[in-house]
Amino acid sequence: MLKIDKLNVYYGGIHALDDVSVEVNTGEIVTIIGANGAGKSTLLRTISGLVRATSGKVSFESRDIKRMSPHQVVESGIVHAPEGRRVFSELTVDQNLRLGAYLRKDREQMDEDLARVFQLFPRLEERRWQIAGTLSGGEQQMLCIGRALMSRPKLLLLDEPSMGLAPVLVQEIYREIEEIRKHTTILLVEQNAYQALKTADRGYVLETGRIVMEAPCRELLRNPEVKKAYLGK
Amino acid sequence: MQQFLQQLWNGLAIGSVYALVAVGYTLVFGVLKFINFAHGSVLTVGAYIALYSVLRNWLPFPLAFGLSMSLSGVFSYLTEMYAYRPLREKGAPKLNLLITSIGVSLLVENSIVVFVSPDFHPFPRVLPSAPITMAGMRIPPVDLLLVAVGLVLMCSLSYFVNRTLAGLTIKAVALDRDAAALMGINTSKTISLTFFLAGIMASAAGVLIGMRFSVNPYLGGFFGLKSFAAAVVGGIGSVPGAYLGGYLIGMLETFGAAYISSNYKDAIAFVLLVFVLLYKPSGLLGKGTQEKV
Ligand SMILES: Nc1ncnc2c1ncn2[C@@H]1O[C@H](COP(=O)(O)OP(=O)(O)O)[C@@H](O)[C@H]1O
Ligand SMILES: [Mg+2]
């Protein structure tokens with residue numbers, strides 16, 4: 001579905017992604033784990049067109065998307081729930097969700113999706129008319145994911161959904177991710193490697209811009225190096 | 001009392017002009033985080049389009065007014081497209097945008113002096129000039145039009161920005177441009193739309209102020225600067241703030257001129273600006289963001 005081949009990204013002199021190749025197949029959850037500053041967010045930002053790659057290929061459903069601008073990437077069926085939630089803080093929950101459905105034309109389907117998002121995150125329905133900036137961190141994360149789902153993506157890019165959340169909330173968010181995967185392919189980026197590896201099918205390990213390992217998550221969870229570096233055991 | 005009401009009305013009329021122009025500074029600042037000093041020149045262009053359409057008998061006044069608003073909207077859109085966008089795409093610093101906008105405004109002002117005329121033109125008489133007497137106030141018909149058109153445009157703009165999806169994209173881009181792009185919003189289009197709307201509002205003010213005083217190449221510079229003060233007083237980036245700032249400066253100016261001295265009239269806006277910046281740097285309705293001009 002998504003195929004990234006030998007991608008290189010620079011920020012001025014910083015080589016943020018070095019020959020990165022990643023593949024995501026339809027129906028999978030694939031995770032990329034790595035320390036702070038490894039280049040995880042950069043990879044997602046490059047896929048969604050916010051950052052330009054110097055070389056390499058990014059194709060989605062056999063279409064080259066590397067030169068597309070962000071709104072064209074969304075149109076092609078990829079949506080990115082960015083790191084740090086980035087909800088529109090002065091708008092209501094309802095307005096945030098409507099903006100998530102910006103490219104959708106069909107009103108009826110949109111109402112259906114709104115209902116689905118509210119079913120997934122009942123707390124968003126309770127807070128529907130509240131200003132997004134006044135939500136708690138967990139609720140903002142739900143809004144960020146819910147808003148992304150409103151575009152009915154084929155592929156959802158999730159950047160650190162557990163960041164800054166209490167353990168109970170992390171559990172809750174991950175239960176919802178399990179629910180979302182029934183309809184949507186997911187590329188999940190996490191520093192919280194344990195949660196991500198427990199949830200995903202396949203995983204990549206990113207270290208200072210390079211992919212150093214790729215394996216099914218079951219194997220990564222047992223791998224001594226991964227255990228030592230990312231699982232604190 | 002009579003005198004007070006009369007001044008209140010005058011303040012409302014001139015305040016409408018400031019508010020209509022101020023909202024353009026605020027909208028553009030919202031999406032691009034820079035002060036478009038060429039915004040005043042859109043007002044001048046609008047006044048000239050209406051003036052010539054009526055003077056040459058091309059169009060009846062209401063159509064000339066409409067034409068002026070749409071063409072000025074397009075003019076404002078084109079300034080962004082050809083002057084600011086190329087700079088933004090090259091990642092130029094905000095200061096370069098600012099200086100470019102000052103350049104655009106000088107270019108427009110001087111082009112009018114050279115290619116059109118340096119004179120002050122009275123606007124042809126399209127409205128009756130005899131004031132209407134209402135509750136003891138004497139109101140020139142143009143003021144009535146100013147207040148009414150101002151209210152209609154301002155309410156429409158607020159409705160558009162807060163209640164329609166296309167309008168919400170302006171707010172979304174202002175709040176977080178990258179996040180807006182991730183929603184599938186074409187942010188360049190939203191920025192174009194913002195300039196277009198700012199142009200429409202400014203041109204309405206330009207035509208009406210041209211009718212009230214005269215049409216001249218310096219119209220935009222003069223009213224633009226005070227409206228900029230109004231936008232900052234209200235809180236740059238806030239639409240209701242721009243309206244509030246506009247009416248407030250309009251009122252203070254007329255009351256200041258009537259009860260203190262008309263010599264200080266043009267200084268009042270800037271005295272208020274200094275006071276507001278001292279006590280509430282983000283403006284009366286502004287959010288406390290620390291964005292440098
Ligand atoms: N906008 C930027 N400008 C310059 N350097 C950046 C920028 N964004 C990220 N970087 C650098 O690129 C590297 C990768 O960052 P990032 O992708 O955010 O990592 P991660 O998401 O894995 O924490 C880091 O060294 C970071 O400092
Ligand atoms: Mg990151």
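Colleague: Why is A:S41 called buried?

Modeller: Its relative accessibility is 18%, and buried means under 20% relative accessible area, with exposed over 50% and partly exposed in between (1.4 Å probe, protein chains only). So A:S41 counts as buried. Before we go on: this is a predicted model, where local features need pLDDT of at least 70 and side-chain atom pairs count only at pLDDT 80 or more, while totals for chains, interfaces and linings use all residues. Residues are numbered from 1 along each chain as its sequence is written, chains are lettered from A and ligands numbered from 1 in the order written, and side-chain values use heavy atoms, leaving out hydrogens and water.

Colleague: What makes A:S41 a partner of the magnesium ion (ligand 2)?

Modeller: The ion is coordinated by A:S41 through OG and by A:E83 through OE, at 2.0 Å. Donors are N, O and S atoms within 2.8 Å of the metal (3.2 Å for Na, K and Ca), so 2.0 Å qualifies; water is not among the atoms, so the site may look incomplete. The two residues are 42 apart: A:S41 sits in helix α1 (residues 40–47) of chain A, and A:E83 in the loop between β6 (78–81) and α3 (93–100) of chain A. Those helices (H or I, at least four residues) and strands (E, at least two) are DSSP runs, numbered from the N terminus.

Colleague: Is A:E83 buried or exposed?

Modeller: Neither label fits, because A:E83 has a relative accessible area of 32%, which makes it partly exposed.

Colleague: How do you know that A:T31 is buried?

Modeller: A:T31 has 0% relative accessibility, so it counts as buried. A:T31 lies in strand β3 (residues 29–33) of chain A. Leaving out residues up to four places away in sequence, A:T31 touches, among others, A:L188, A:A196, A:Y204 and A:C217. Contact here means heavy atoms within 4.5 Å.

Colleague: What makes the link between A:L188 and the side chain of A:T31 a polar contact?

Modeller: The backbone oxygen of A:L188 lies 3.0 Å from a polar atom of that side chain. A polar contact is a pair of N or O atoms within 3.5 Å; within protein, one must be able to donate a hydrogen and the other to accept it, and residues adjacent in sequence count only if both atoms are side-chain atoms. The 3.0 Å distance is within that limit.

Colleague: Which residues does A:Q95 contact?

Modeller: Beyond its neighbours within four places in sequence, A:Q95 is in contact with B:N162, B:R163 and B:L168. The backbone oxygen of B:N162 lies 3.2 Å from a polar atom of the A:Q95 side chain. A:Q95 belongs to helix α3 of chain A, and at 14% relative accessible area A:Q95 is buried.

Colleague: What makes the phi of A:S62 worth a look?

Modeller: Phi of A:S62 is positive, near 60°, in a residue other than glycine. A:S62 lies in the loop between β4 (55–60) and β5 (63–64) of chain A. With 76% relative accessibility, A:S62 counts as exposed. A:R152 also has a positive phi, about 50°, without being a glycine. A:R152 is in the loop between α6 (137–149) and β7 (155–159) of chain A, and its 37% relative accessibility makes it partly exposed.

Colleague: How many cavities of 30 Å³ or more are there?

Modeller: One, in a search of the whole structure, and its volume is about 40 Å³. On a 1 Å grid over the protein atoms alone, a cavity is a set of points where a 1.4 Å probe fits but cannot get out, and a pocket is an open set with protein on both sides within 12 Å along at least five of seven lines; lining residues have an atom within 4 Å of a point. The lining of the largest cavity includes B:V28, B:H39 and B:A198, and by class it has five nonpolar, four polar and no charged residues.

Colleague: Why is B:A198 called buried?

Modeller: B:A198 is buried because its relative accessible area is 0%. B:A198 sits in helix α8 of chain B and is in contact with B:G24, B:V28 and B:H39, setting aside neighbours within four places in sequence.

Conventions:
Grid points are joined across faces, edges and corners, and a volume is the space filled by probe spheres set on the points. Ala, Val, Leu, Ile, Met, Phe, Trp, Tyr, Cys and Pro count as nonpolar, Asp, Glu, Lys and Arg as charged, and the others, Gly among them, as polar.
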